[in-house]
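Welcome, and thanks for taking a look at this one with us. Please have your favourite viewer ready, and keep the sequence at hand.

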Amino acid sequence: KQWYQRRVAITAGGYTITPGAVDGTTNIQESSLTIDAATLKALDTSSGSVIWKCAAKSLQYADSEQSEYQDLTVTFLTLAVEAKDSEVLKNTVATISCVVTGLTKGLDAVGWKNSDGSITHGSDASADYQIEEGSYIIGSKSQTTVLTIPAAKNTGDALYTCVIQSVEHGKTSGSEEEKTVNSNVFTITPVDMSATTAVDQTLVCNIGDVTTAVTVSWTSGDDTPITDGQGGYTITPGAVDGTTNIQESSLTIDAATLQGLTTTSPVIWKCAAKSSQYPDSEKSEYKDLTVTFLTLGLFFRSVCMEIEKKPR
């Protein structure tokens, strides 16, 4: 077996040729060419791929012609780490991840850390951090590692870092690849109110601790989704107030719709929010907004007056 690269015979220069032996079962001879890292680093891989060639000549019948060379294309991959940030309701579970691409095999080590130091995988899924190293996916040449943050620890905006080791990319202990991932939270404060059915009413749901507007959803008390412009409802998403970091979203209900409701007891609507800045984030749970409807009443006061007769 002979190997060439760009029509230059390979005899040295960081190359090792292993002729191989014939497998008696398959009748296949596996010949290999090993190229050391220093030689690979000196190659021009800007096009993404490099071609080597191999050919064969019979040893059994020495007068036979050598075969033509066959191309063997090597595509060179670049390591990349994409952060999958999160923004969810405060005091609920958050999931963040790092998607590592440019791999030919699984990562050699995966870790996570925050401002307190290295994070360890806990035994209690409801109270401890959970680390999923992920598995290598051949089709996408990638591996995704996931960190689940328990509700009790998700009390404010925080930065986390995934720490990756990949020997094939020279990322070993002490020279790991790191990527910072955002884990942000927001609050939801529905504003309970008293109202009448004679005029349109506007309900308000305040989303706090945000810098970018979130997507707000509304439902009726029985969890029926409300669509803007239908059924007498108008949804106003609202914008973030740069001073307070509050987004005031509102639901306006026209009088005709209100008059069709049973209002002898308080009526509930619900609002929820989902991050638009980090769209992979989960939508929050729905929060109740209670409206108490008032009825106009007339109250009469009877006044009895005693007229005292004065002595004459």
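What follows is a short tour of disulfides, strands, an aromatic pair and a few single residues.

## Two disulfides

Please keep in mind that this is a predicted model. A search through the whole structure turns up two disulfides. In general, a disulfide is a covalent bond between the sulfur atoms of two cysteines. Counting bonded cysteines along the protein chain, the connectivity here reads 1-2, 3-4.

Let us start with Cys-98 and Cys-162, whose sulfur atoms are 2.0 Å apart in a disulfide. Cys-98 belongs to strand S11 (residues 94-101) and Cys-162 to strand S16 (residues 158-165), so this bond ties together parts that are 64 residues apart in sequence. The torsion about the S-S bond of Cys-98 and Cys-162 is about -95°, so this disulfide is left-handed. Both Cys-98 and Cys-162 are buried.

The other disulfide joins Cys-205 to Cys-271, with an S to S distance of 2.1 Å. Here, too, distant parts of the chain are linked: Cys-205 sits in strand S19 (residues 201-208) and Cys-271 in strand S24 (residues 267-274), 66 residues apart. Is the disulfide of Cys-205 and Cys-271 left-handed or right-handed? Its S-S torsion is about 70°, so it is right-handed. Cys-205 and Cys-271 are both buried.

One further cysteine can be checked for exposure. Cys-54 has a relative accessibility of 26%, so it counts as partly exposed; the cut-off for buried is under 20%.

## An open antiparallel sheet

Strand S11, the home of Cys-98, also takes part in a sheet. Four strands make up this open sheet, in the order S9-S11-S15-S14, and their pairing is antiparallel. Which strands lie at the edges? They are strand S9 (80-84) and strand S14 (130-132), each of which pairs on one side only. From one strand to the next, the twist averages 15°.

Inside the sheet, S11 and strand S15 (residues 142-149) pair in the antiparallel sense over eight bridges. If you would like a register to check in your viewer, take Ser-97, whose bridge partner in S15 is Val-146. As background, strands of a sheet pair through backbone hydrogen bonds, either parallel or antiparallel.

## Val-81 on an edge strand

Val-81 is located in strand S9, which is one of the edge strands of the sheet. With a relative accessibility of 13%, Val-81 counts as buried. Which residues does Val-81 touch, leaving out those up to four places away in sequence? They are Cys-98, Val-99, Val-100, Cys-162, Glu-177 and Lys-179. Among them are Cys-98 and Cys-162, the two partners of the left-handed disulfide.

For a distance to compare with your own script, try Val-81 and Thr-212: their C-alpha atoms are separated by 24 Å, and the two residues are 131 apart along the chain.

## One aromatic pair

The structure holds one aromatic pair. Tyr-129 and Tyr-160 form it in an edge-to-face arrangement, with 6.0 Å from centre to centre and 70° between the planes. The pair links distant parts of the chain, 31 residues apart: Tyr-129 is in the loop between strand S13 (117-119) and S14, while Tyr-160 is in strand S16.

Are these tyrosines buried or exposed? Tyr-129 counts as buried at 14% relative accessibility, and Tyr-160 counts as buried at 4%.

## Residues in loops

Most residues other than glycine have a negative phi. Asn-91 is not a glycine, yet its phi is positive, near 65°. You will find Asn-91 in the loop between strand S10 (86-89) and S11, and it is partly exposed, with a relative accessible area of 44%. Asn-245 also has a positive phi, of about 60°, although it is not a glycine. Asn-245 lies in the loop between strand S22 (240-241) and strand S23 (246-253). The relative accessible area of Asn-245 is 28%, and it is partly exposed.

Our last stop is Ser-166, in the loop between S16 and strand S17 (177-190). Ser-166 has a relative accessibility of 1% and counts as buried. Setting aside residues up to four places away in sequence, Ser-166 touches Leu-103, Leu-107, Asp-108 and Lys-171.

Technical notes
Residues numbered from 1 in each chain as written. Predicted model: local features only at pLDDT ≥ 70, side-chain atom pairs only at ≥ 80, totals over all residues. Heavy atoms only, no water. Disulfide = S-S within 2.5 Å. Helix = DSSP H or I, 4+ residues; strand = E, 2+ residues; numbered from the N terminus. Buried < 20%, exposed > 50% of the residue type's maximum accessible area, 1.4 Å probe, protein only. Contact = heavy atoms within 4.5 Å. Pairing = 2+ DSSP bridges. Axes fitted to C-alpha atoms, helices over the stretch in contact; angles between N-to-C directions. Phe/Tyr/Trp six-rings, centres within 6.5 Å; stacked < 30°, edge-to-face > 60°.
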